Amino acid sequence: MGSTSDWETMRHAAETLDALGVAYETRVVSAHRTPQRLYDYATGAAERGLKVVIAGAGGAAHLPGMAAAMTHLPVLGVPVESKALKGMDSLLSIVQMPGGIPVGTLAIGKAGAINAGLLAAAILATNDTDLTERLKAWRAAQTDSVALDPAAGTTA
């Protein structure tokens with residue numbers, strides 16, 4: 001994430017990965033304030049064994065795009081809600097990458113962080129049958145939790 005204040009959003013990606021039993025690391029890496037840290041992190045990510053990068057940032061939100069420019073790994077961008085423009089600035093900064101440097105961009109805020117965790121798990125599950133089963137179970141539990149009768153709250 002680009003700042004410690006982004007953790008309030010990005011913790012939802014971490015919680016999702018925890019629920020699925022996926023190992024991860026968390027770091028504060030600012031494209032603007034710690035450019036060397038970003039360079040070292042992104043260029044060394046694959047060598048450290050990472051398979052997917054989830055990058056959350058707000059405002060100018062250069063972190064996901066800059067990370068994607070420096071690694072061959074899939075990068076999933078989570079726009080963090082900003083005070084000035086409610087995250088629209090973050091969303092547009094992440095989603096408008098030039099052709100050739102893709103960033104998979106998720107929704108603004110909590111929903112985007114949760115979905116980034118799920119999408120990262122789905123990417124990893126293509127080569128991990130145990131994770132595939134955990135992801136299927138997570139989705140089944142989500143389906144089972146949806147009420148059939150809104151008044152009674154029953155699910156079956």
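Buried here means under 20% relative accessible area, exposed means over 50%, and partly exposed is whatever falls in between (1.4 Å probe, protein chains only). The model is a predicted one, so local features need pLDDT of at least 70 and side-chain atom pairs count only at pLDDT 80 or more, while totals for chains, interfaces and linings use all residues. Numbering runs from 1 along each chain as its sequence is written, and side-chain values use heavy atoms, with hydrogens and water left out.

Strand β2 covers residues 75-80 (helices, H or I, of at least four residues and strands, E, of at least two are DSSP runs, numbered from the N terminus). Six of its six residues are buried, so β2 is largely enclosed by the rest of the structure. V75, G77 and P79 point one way from the strand, and L76, V78 and V80 point the other way. Its partner is β1, paired in the parallel sense over six bridges; pairing takes at least two DSSP bridges between strands. One of these links puts G56 opposite V78 of β2.

Now for the cores, meaning sets of buried Ala, Val, Leu, Ile, Met, Phe, Trp, Tyr and Cys residues joined through side-chain atoms within 4.5 Å. The largest has 18 residues, with L38, L63 and V75 making the most contacts inside it. Two or more residues come from each of α2 (35-44), β1 (53-58) and α3 (63-69). Apart from this core lies another of 10 residues, including V52 and V78.

Leaving aside neighbours within four places in sequence, V75 is in contact (heavy atoms within 4.5 Å) with V53, A55, P64, A67, A68, V103 and G104.
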